Amino acid sequence: MEYIPAKTILSGYQEQKSWFGCHYNMNLYRGCCHGCIYCDSRSECYGIDHFDQVCAKENALETLERELRAKRRTGIIHTGSMSDPYNPFERDERLTQGALEKIARYGFGVVMATKSDLVVRDIPLLQRIREHSPVAVNITITTAEDALGKQVEPSAPAASRRFTVLRKLSEAGIPAGVLLMPVLPWITDDPANIRAIVEKAAQAGAKYLFNGGKEMFGLTMRDRQREYFYARLDENFPGLSTRYRKTYGYDYGCNSPLAKPLWGEYTRACRVCGVAYQMADIISIIRKGYEEPQLSLF
Ligand code: SF4
C-alpha cells in the first residue's frame with residue numbers, strides 16, 4: 001500500500017443533489033483491487049495508472065477535518081464513486097472509519113457505495129450520523145449468482161455476502177439499496193438475473209434499487225476501460241469481445257439489446273416487491289425526517 005500526496009479530500013458544494021441527494025464527494029483512496037472487469041475508473045480521463053494498486057491519500061483524515069471545519073454548509077457526502085471505500089486495506093488502515101467519525105462529529109450526512117461486507121463494521125458510526133443527518137449505503141450487485149460474479153468481479157466479496165450486508169444494514173435501521181449497474185450485454189442482461197436481484201434485495205430489506213434507466217440498461221465504455229474489459233472477455237467468455245466490437249464499435253453507451261423488455265421486468269419486479277427505483281423517490285427515502293442542510297456553525 002502506497003501513500004500519495006493529496007491537496008483535497010472533499011469536492012466543492014453541489015447544489016444540484018441529483019446523485020442520491022448528495023452535496024459533496026469524498027475520495028480517501030485512489031485505485032481499487034476488487035478487479036471488476038468493467039470498471040470505468042480505468043479510463044484515461046481519470047489519469048490513474050496501475051488502477052488495481054490501492055493508494056491511500058497522505059494525511060487524509062487531517063485534511064478532511066480541516067475541510068469539514070471550513071465548509072460553510074453542511075450536507076450529504078458521497079463516497080465510493082472512483083474506488084471502493086471498503087477495499088481490503090481499509091480493515092487495517094481505517095481511513096473510511098476515521099472519516100465517518102469526523103462526519104458524525106461535524107454534522108454531515110453520508111451516502112456510501114461499496115461491494116464489501118466490511119461496511120458492517122461501521123454500522124455503529126452510521127447510526128451515530130443518522131441521529132442528526134441522512135445516511136444510506138448502496139451495495140452494488142450486478143449478478144445474483146456467485147459463480148458469475150467471480151468472473152466479472154473476481155476479487156470483490158460474493159453477491160451472496162452482499163445480500164447479507166443489506167440485511168444487516170436494514171436490521172440496524174440504516175437505509176440501504178442496490179446499485180444494479182452496469183448491466184453487461186450477453187452476460188448479466190438475463191431477465192431471470194434482473195428479477196432475482198430485485199427479489200433477493202427486497203427480501204434482505206433493501207429500500208430501493210437504482211439503475212441508469214431504460215436508456216442506459218447496459219454499460220459505458222471508454223479507451224483503457226474497453227481494452228481491459230475485452231481482454232478479460234477473451235479469457236472468460238471466448239468470442240464475446242468480437243460480438244461487442246461488431247455491435248458497439250467505439251460507442252460510449254453500450255445498451256443491452258434487451259434494454260426495453262429488461263426495464264419493464266425490472267420496474268415490474270420493483271413494484272411487486274415494494275421497493276423504489278426512481279431517483280426522486282430514493283432521495284425522499286434517504287432524506288425523510290431531515291431538514292435541508294444548514295449553514296455550518298463551524
Ligand atoms: S469496486 Fe468499483 S472501483 Fe473497485 S474495481 Fe469494482 S467497479 Fe471499480
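## A strand pairing in the predicted model

I77 has V110 in strand β6 as its bridge partner. The model in which this pairing is found is a predicted one. The two strands concerned are β5, which covers residues 76-79, and β6; 4 bridges join them, and they run parallel. Such pairings have a common basis: strands of a sheet pair through backbone hydrogen bonds, either parallel or antiparallel.

Strand β6 is also joined to strand β7, residues 135-140, by 5 bridges, and these two strands run parallel. Within this pairing, T114 has I139 of β7 as its bridge partner. Between β6 and β7 the chain passes through helix α4, residues 123-130, and this β-α-β crossover is right-handed.

## The surroundings of strand β6

Why is strand β6 described as largely enclosed by the rest of the structure? Strand β6 spans residues 109-114, and 6 of its 6 residues are buried, so the strand is largely enclosed by the rest of the structure. A residue counts as buried here if 20 or more other C-beta atoms lie within 10 Å of its own.

In a regular strand the side chains alternate between the two faces of the sheet. In β6, one side carries G109, V111 and A113, while the other carries V110, M112 and T114. Every one of these residues is buried, and both faces of the strand are therefore covered.

## Strand β7 and its other neighbour

For strand β7, too, 6 of the 6 residues are buried, so this strand is largely enclosed by the rest of the structure. V135, V137 and I139 point one way from β7, and A136, N138 and T140 point the other way; all are buried.

Strand β7 is joined to strand β8, residues 176-179, by 4 bridges, and the two run parallel. The residue I139, already named as the partner of T114, has V178 as its bridge partner in β8.

## A separate account: the sheet of three strands

An open sheet of 3 strands has the order β1-β4-β3, and its pairing is mixed. Its edge strands are β1 (2-4) and β3 (29-30), each of which pairs on one side only.

Strand β1 is joined to strand β4, residues 55-57, by 3 bridges, and these strands run parallel. Here I4 stands opposite K57 of β4.

## The residues around the ligand

Which residues lie around the ligand? They are C32, H34, G35, C36, C39, S41, S83, D84, K115 and A156. By character, this shell divides into 4 nonpolar, 4 polar and 2 charged residues.

## The chain as a whole

The secondary structure of the chain comprises 11 helices and 11 strands. The radius of gyration is 19 Å, close to the 19 Å that the globule rule gives for 298 residues, so the chain is as compact as a globular protein of that length. Along the principal axes, the C-alpha atoms fill a box of roughly 55 × 45 × 30 Å.

Of the 298 residues, 45% count as buried. Among the contacts in the chain with a separation of 6 or more, 83% are made by residues 24 or more positions apart.

Key
Residues are numbered from 1 along each chain as its sequence is written. This is a predicted model: local features need pLDDT of at least 70, side-chain atom pairs count only at pLDDT 80 or more; totals for chains, interfaces and linings use all residues. A residue is buried if 20 or more other C-beta atoms lie within 10 Å of its own, exposed if 12 or fewer, and partly exposed in between; C-beta atoms are placed from the backbone. Two strands pair if DSSP finds at least two bridges between them. A crossover is right-handed if, with the strands pointing away from the viewer, the path from the first strand over the helix to the second runs clockwise. The radius of gyration is taken over C-alpha atoms; the globule rule is 2.2 Å times the number of residues to the power 0.38. Two residues are in contact if their C-beta atoms, placed from the backbone, lie within 7 Å. A residue is near a molecule or strand if its C-beta atom, placed from the backbone, lies within 6 Å of it. Ala, Val, Leu, Ile, Met, Phe, Trp, Tyr, Cys and Pro count as nonpolar, Asp, Glu, Lys and Arg as charged, and the others, Gly among them, as polar.
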